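Trainee: I am new to this structure. Can we walk through it in short questions and answers?

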Protein chains: 2
Amino acid sequence: VKKQLFDREKHVYKCDEFLELVLNAIRFFNGTPVHGLPLVDKFNGTGIYAIYYTGKIKPYEKYGVLNRSEYNHPIYVGKAVPKGWRKSRISDNTQKQGTELCSRLRQHTCNIKACGFDLKDFAVRFVIFENDSSDMISAVEAALIKLKLPLWNVVIDGFGNHTPGKGRFEQAKSDWDVIHPGRDWANKCNGQHNEASAILDRIKYYFSKTKAIEGN
Amino acid sequence: VKKQLFDREKHVYKCDEFLELVLNAIRFFNGTPVHGLPLVDKFNGTGIYAIYYTGKIKPYEKYGVLNRSEYNHPIYVGKAVPKGWRKSRISDNTQKQGTELCSRLRQHTCNIKACGFDLKDFAVRFVIFENDSSDMISAVEAALIKLKLPLWNVVIDGFGNHTPGKGRFEQAKSDWDVIHPGRDWANKCNGQHNEASAILDRIKYYFSKTKAIEGN
C-alpha cells in the first residue's frame, strides 16, 4: 500500500435516511396486535418482539400502571435473527424460513412460568422481518431498546440468557436469575453473583427516574 | 389481553429501501482509502473495517492474486460498535466518541504479527459511522460479509476472538488459533479443538469454489 496522509473525513459516512427507516419500522411495530402468553399459534419467521408486564407483583407493579391504557412500556425487547446471520456461513446460507421468533417466545414463556410468574400478567407484540428486511432486525431492536429502556434489557441482565455452554458454569448467575430463581441451569453457575438487595435497589432507582421511561 | 385470531400477515414488515441504504454504504466503503498496517494515525470513532491479504503465503496465496488489481476480496470483515450499544445501558449512555475502531484495528495488527505473518502483506479499509448512522453498523457489516464471504468470517472461526473471560479456558482453541499459533491466551484453552488438516481442507474447498468469491 502506498503511504498516504490520513484524512479522517474521507472515512466518515453519514446517512440520515437510515434513522427514518428504523423509526418507520418502530411505528409499524407499535401498531401490531398484542397477544397473551402462551402463544397458541405456531408461525415461521425471524424478527423483533416486546414483552409487556401488566400485573401488580413487586417490584414490577409500576409497569402494570404504565401499561394500563396501552402497551407502550415493554419490560423486555429482544430479537430472533436468521440462523447464521452474523456469520453468513456458507453452510447456513439456505435462506430457509425457520421458526426462530416463535421458538424464542416459547422459551421466554417457559422461563417466565418456571420462575413463578403468572402468565396472565404478560403480553407480547412481535414483528416478522422477511428476506432483505431481516437485515434491519438488529438496528430496529437496538433503537427500540434505546427508546423504551426496558428494565430487563438496561438494568437487569440475564433474562435472555441460554444455558451456558460446556464448561462455562464457572460464571456467575445473572442478576435476573438471582431475583427470579427457577431456571435449572442457573443454579449450576458457580461464580460470585450480585446480591439480590443491590439488584432490587437498581430497580427502585430505575422506577424513580420515571421520566426516563414515561416520556416514551 | 383479549383473545384474537392470529393473522401472521399483520405482523410482517417489509422495507425495500433498507437494502438500498445498506448498499449505498457499501459503495462508499469500497471507495475509501486503503491503508497499510500498522496504522500510524490515531482516530476516534466506531464503524466497519475490512482486512485484505495481498501476500503469497499458503494457504492464502489466492487472495494475493485476487487483490492484485484492486482491494476487493477481504480476508476478514469486522465492526467496532459504540460501547453499550447492544444494551443501551443507562450508565453507558454518554454518547462519548471512543476509539473503538482504531483500537480494534490495533488489536488485529498485534494478532497478525504475533502469529508470524508479515504486516506488509496486509491492508485495511475502514469507515466511521457517526451519531445516528452508527445504528447501521451491524447491518452493513452483515451485508458486506454476505457479499464478500471473507475466509476468516465464513470458514475459519476465531480471528476476532478476545481473551476468554475468567474461568472460560475450558473451551476449545478456535480454528484460527489452531492454524495460526502465537496468541498467548489461545494456548490456555483446554477444550478439544479441530485438527489442523481438517481446517486446511476447508480452506482448500473454499478457494476451489472460486465463483463464490470471485463473482463479487
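Mentor: Start with D16(A), which lies in helix 1, residues 16-30 of chain A. Keep in mind that this is a predicted model.

Trainee: Is D16(A) buried or exposed?

Mentor: Exposed means over 50% relative accessible area. D16(A) passes that cut-off, so it counts as exposed, and its relative accessible area is 65%.

Trainee: Which residues gather with D16(A) in a patch of negative charge on the surface?

Mentor: Asp and Glu count as negative. The patch takes in residues of chain A and chain B. Besides D16(A), its members are E17(A), E20(A) and D132(B).

Trainee: Now the backbone. Which residue does a cis peptide bond join to K58(A)?

Mentor: Omega of this bond is about 0 degrees. The partner lies in the loop between strand 3 (47-53) and helix 2 (61-66) of chain A. The residue joined to K58(A) is P59(A).

Trainee: What is omega for the peptide bond from L37(B) to P38(B)?

Mentor: P38(B) sits in a loop of chain B, between strand 2 (35-36) and strand 3 (47-53). The bond that leads to P38(B) from L37(B) is cis. Its omega is near -5 degrees.

Trainee: What is phi of N131(A)?

Mentor: Look for N131(A) in the loop between strand 5 (122-129) and helix 4 (137-148) of chain A. N131(A) is not a glycine, yet its phi is positive. The value is about 50 degrees.

Trainee: Why does N131(A) count as exposed?

Mentor: The cut-off for exposed is over 50% relative accessible area. N131(A) lies above that cut-off, so it counts as exposed, with a relative accessibility of 60%.

Trainee: Where is L149(A), and what is its phi?

Mentor: L149(A) is in the loop between helix 4 and helix 5 (151-154) of chain A. Its phi is positive, although the residue is other than glycine. The value is near 45 degrees.

Trainee: Is L149(A) buried or exposed?

Mentor: Buried means under 20% relative accessible area. L149(A) has a relative accessibility of 10%, so it counts as buried.

Trainee: On to charges that pair. How many salt bridges are there over all chains?

Mentor: The search covers the whole structure. It finds 12.

Trainee: Which residue forms a salt bridge with R8(B)?

Mentor: The closest N and O atoms are 2.9 Å apart. R8(B) lies in the segment before strand 1 (12-13) of chain B and its partner in the loop between strand 5 and helix 4 of chain A, so the pair joins two chains. R8(B) is partly exposed at 21%, while the partner is buried at 14%. That partner is E130(A).

Trainee: How many residues apart in sequence are the parts that R202(A) and D175(A) tie together?

Mentor: These two form a salt bridge, with the closest N and O atoms 2.6 Å apart. R202(A) is partly exposed at 31%, whereas D175(A) is buried at 9%. R202(A) lies in helix 7 (residues 196-208) and D175(A) in helix 6 (residues 175-179), so the pair ties together parts separated by 27 residues.

Trainee: Which residue meets D177(B) in a salt bridge?

Mentor: The N to O distance is 2.8 Å. Both side chains belong to buried residues, D177(B) and its partner. The partner is R183(B).

Conventions: Residues numbered from 1 in each chain as written. Chains lettered and ligands numbered in written order. Predicted model: local features only at pLDDT ≥ 70, side-chain atom pairs only at ≥ 80, totals over all residues. Heavy atoms only, no water. Patch = residues over 30% accessible without salt bridge, like charges linked within 9 Å, V, L, I, M, F, W, Y side chains within 5 Å. Areas by Shrake-Rupley, 256 points an atom, 1.4 Å probe, with all protein chains shown as cover. Salt bridge = Lys/Arg side-chain N within 4 Å of Asp/Glu carboxyl O. Charge placed at Lys NZ, Arg CZ, Asp CG, Glu CD. Helix = DSSP H or I, 4+ residues; strand = E, 2+ residues; numbered from the N terminus. Buried < 20%, exposed > 50% of the residue type's maximum accessible area, 1.4 Å probe, protein only.
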